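Good morning, colleagues. Please take a moment with the sequence and the structure on the screen before I begin.

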Amino acid sequence: MKMNLIIKDEYPVIRVGLSRLIKNHGCRKVLSCASITETRDAVLGAPAPVDLLIFGMHQDEVRDIGKLITTANIHWKGNGLRVLVLSELYEFLYAPLCISAGAKGFVSMHENHRMILSAVKAVSLNGIFVNPLLESHPIIQCAAGKSGLDG
């Protein structure tokens, strides 16, 4: 995984642990941010589009994901910000909300390192990643372009 990424999480232990895990698997550059403001500034200040943003999501941050993706898309003239949400929140409720807000993946913090790395790889390759049990959810199907429900 030769890419540049940003990790946003308010907890230093998560930022450090995730940075080490990803760097051990070939990531070129990892920048970690604590707040949404710091993350927005890092994304918009990057000389080229960031390959991936891992967004550590906690309560009431779904709105922040959508705003950040929209701002980055305008700034990079539609080049897109690939966001993987990493969260301890209930994924059967929050994964569809995050995907509908523009995230490309959602993985629980409770998953093992292999599942987290699989999510990073899938989203970095322009795929969609959710718990396999959620793949048949209508919002996930539409996001993946696999549903007749698209407008």
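I shall speak about two neighbouring topics, the strands and the nonpolar cores, and then turn to the pocket. Please bear in mind that this is a predicted model.

Let me begin with strand β5, residues 105–108. Are its two faces covered or open? Both are covered: Gly105 and Val107 are buried on one side, and Phe106 and Ser108 are buried on the other. Strand β5 runs parallel to strand β4, residues 83–87, and four bridges join the two. Within this pairing, Ser87 stands opposite Ser108. Helix α4, residues 91–100, completes the unit: together with β4 and β5, α4 makes a right-handed β-α-β arrangement.

I turn now to the cores. The largest nonpolar core comprises 26 residues, and Met57, Ile65, Leu81, Val83 and Val85 have the most contacts inside it. At least two residues of this core come from each of α2 (36–45), β3 (52–57), α3 (62–75), β4 and α4. Apart from this core lies another, of 19 residues, which includes Cys27, Leu86, Leu117 and Val120.

Val83 deserves a closer look. Beyond its neighbours within four places in sequence, Val83 is in contact with Leu52, Leu53, Phe55, Ile65, Ile69, Ala103, Lys104, Gly105 and Val123.

Finally, the pocket. The largest one has a volume of about 220 Å³. It is lined by 13 residues, of which Asn4, Lys29, Ala46, Pro47 and Val50 are the closest to its centre. Strands β1 (4–8) and β2 (29–33) each supply at least two lining residues. Which element gives the most to this lining? That is β1, with three residues.

Definitions and conventions
Residues numbered from 1 in each chain as written. Predicted model: local features only at pLDDT ≥ 70, side-chain atom pairs only at ≥ 80, totals over all residues. Heavy atoms only, no water. Buried < 20%, exposed > 50% of the residue type's maximum accessible area, 1.4 Å probe, protein only. Pairing = 2+ DSSP bridges. Right-handed = clockwise from strand over helix to strand, strands pointing away. Core = buried A, V, L, I, M, F, W, Y, C linked by side-chain atoms within 4.5 Å. Contact = heavy atoms within 4.5 Å. 1 Å grid on protein atoms, 1.4 Å probe; cavity = no way out; pocket = protein on both sides within 12 Å on 5 of 7 lines; lining within 4 Å. Points joined across faces, edges and corners; volume = space filled by probe spheres on them.
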